[in-house]
Amino acid sequence: MRVKTRFAPSPTGYLHIGGVRTALFSWLYARHHGGTFVLRIEDTDRERSTEASIQAILTGLTWVGLDCDEGPFRQTARFARYAAVAEEMLSRGTAYRCYCSREELEAMRAQQVTRGENPRYDGRCRERRQPVAGVSPVIRLRSPREGTVTVHDLVRGDVSFNNADLDDVILMRPDGMPTFHFGVVVDDADMGITHVIRGDDHLTNTPRHIHIQQALGVPVPVYAHLPMILGADGARLSKRHGAVNVLEYRDRGYLPDALLNYLVRLGWAHGDQEVFSRQEMIELFDIAAVNSAASRFDPDKLNWLNQQYILTRERRQLADEFGAFMDLRGLRREPGPSLGEVVDAYRERAVTLEDMAQASWYVFNDFEAIDGKAAQQHLKAATVPVLALAMERFEALPVWQRAAIHEALQGVAAALGIGFGKVGQPLRVAVTGGTVSPPIDVTLELVGRQRTLRRLRHALQLAQEQPLLS
């Protein structure tokens with residue numbers, strides 16, 4: 001059997017981080033077995049589904065690199081198919097029309113609650129033969145009343161449900177729209193889905209889906225229901241725990257591979273290994289090894305993992321990702337040094353690309369003012385000779401390269417009889433506007449000769465005026 005999985009989000013909002021994990025596990029299972037991964041958009045909820053949400057889903061999946069082999073398919077393009085299948089079921093007697101009004105159903109459920117019963121449709125229209133004038137009926141499944149139905153789940157094992165506790169689920173609404181239960185089963189059957197990997201909030205839906213599959217006479221897929229993701233406090237993951245929209249992680253400067261690496265470890269493990277390449281995830285992933293217990297989202301662990309990826313990323317790839325991030329955030333990049341040189345200089349202290357962008361801001365942009373405390377401490381009368389001589393030596397350099405810059409700085413220190421640190425720090429403050437940067441020769445090379453000289457002239461003026469500021 002060739003494995004075929006699917007990810008079928010409803011476009012009623014952004015792509016949730018839990019949805020990305022579901023998509024990832026489905027994608028990995030298909031890739032591990034050399035199978036097919038399908039993307040299906042379940043957009044039959046016309047009131048809540050939006051085109052913006054569809055695009056957010058597609059953008060999010062593209063960003064994390066979960067490519068589909070088939071699709072994206074939209075349920076709204078398949079209405080004729082659902083109607084035809086429903087008519088076939090009516091003709092075979094596996095479904096029936098229900099004419100109960102909303103008021104009648106509410107009264108029925110109220111009586112059941114009064115008797116201490118679980119509210120459920122009692123099947124009163126199962127044997128009705130005549131239509132009710134002026135009522136547009138729903139179509140219900142004629143589900144079995146006796147026995148049990150068992151979900152053979154790859155994560156939870158066998159889970160059985162009493163058929164007597166399951167009512168006749170609605171397949172088609174009065175307006176001809178399929179319900180979630182009907183659409184998903186018809187789609188899975190038509191698309192040849194062999195394995196359904198989804199959140200455990202769907203576990204109670206699965207026995208109904210099996211009933212529909214049995215009524216249609218189609219194969220029952222293999223199911224795997226993933227445990228939910230909790231916040232650090234044990235509550236269901238929500239906005240109050242931080243970002244849950246996958247695109248927020250993109251906008252904050254996380255690497256997609258780091259995020260996927262973190263998500264694959266929420267419920268799955270391979271020994272004590274923490275860092276997995278994408279290929280390793282494909283080779284090692286086993287759905288049967290997924291833990292059935294809920295996982296807790298730990299932002300600190302994600303930050304650590306993202307930092308590991310930044311530290312070890314191949315230079316060109318990290319430069320491309322950093323450039324894409326800067327484009328996304330509208331940060332000015334030209335004129336300036338190559339992004340490869342920038343990521344090499346700033347990756348050591350960066351947890352995210354946002355950190356790298358903030359730390360290297362002065363490389364690409366002129367700052368409005370030097371930090372006041374840094375200027376008062378390092379740009380004073382005693383540093384005027386340092387700044388002046390450095391400018392003179394820099395203007396005379398035949399090439400603006402790290403080695404030549406370093407040699408010039410050493411020459412300044414030697415000529416003035418001071419330590420190298422007393423040259424480097426005033427220059428750092430002058431050129432970056434603050435007191436922290438990579439090694440000063442690296443920093444100056446990245447800033448460039450003309451920007452360096454222009455900023456030194458400004459700093460020299462501040463240093464000469466310093467007594468007036470103190």
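So, how do the residues lining the largest pocket divide into nonpolar, polar and charged? Keep that in mind for a second. Just so we're clear, this is a predicted model.

Okay, the pocket. We're talking about roughly 860 Å³ of space in the largest one. It has 30 lining residues, and those closest to the centre are His16, Gly18, Gly19, Asp201 and His202. If you want to find the walls by element, look for strand E1 (4-7), helix H1 (17-32), helix H5 (180-190) and strand E9 (195-199), which each give two or more residues to the lining. H1 makes the largest contribution there, with four residues. And back to my opening question: the lining splits into 14 nonpolar, nine polar and seven charged residues.

Right, next up, a helix pair. Two packed helices get described by the angle between their axes and the distance between those axes. Here the pair is H8, residues 256-264, and H10, residues 299-312, packed at an angle of about 135° with the axes 9 Å apart. An angle of about 135° is not over 145, the cut-off for roughly antiparallel, so H8 and H10 count as oblique to each other. As for handedness, H8 passes H10 in a right-handed crossing.

Who's touching whom? On the H8 side, the contact uses Asp257, Ala258, Leu259, Asn261 and Tyr262, and H10 brings Lys301, Leu302, Leu305, Asn306 and Tyr309. Sort the residues of that contact by type and you get six nonpolar, two polar and two charged.

That's me done, thanks.

Conventions
Residues numbered from 1 in each chain as written. Predicted model: local features only at pLDDT ≥ 70, side-chain atom pairs only at ≥ 80, totals over all residues. Heavy atoms only, no water. 1 Å grid on protein atoms, 1.4 Å probe; cavity = no way out; pocket = protein on both sides within 12 Å on 5 of 7 lines; lining within 4 Å. Points joined across faces, edges and corners; volume = space filled by probe spheres on them. Nonpolar A, V, L, I, M, F, W, Y, C, P; charged D, E, K, R; others polar. Axes fitted to C-alpha atoms, helices over the stretch in contact; angles between N-to-C directions. Parallel < 35°, antiparallel > 145°, perpendicular 65-115°, else oblique. Left-handed = near helix turned anticlockwise from the far one by under 90°. Contact = heavy atoms within 4.5 Å.
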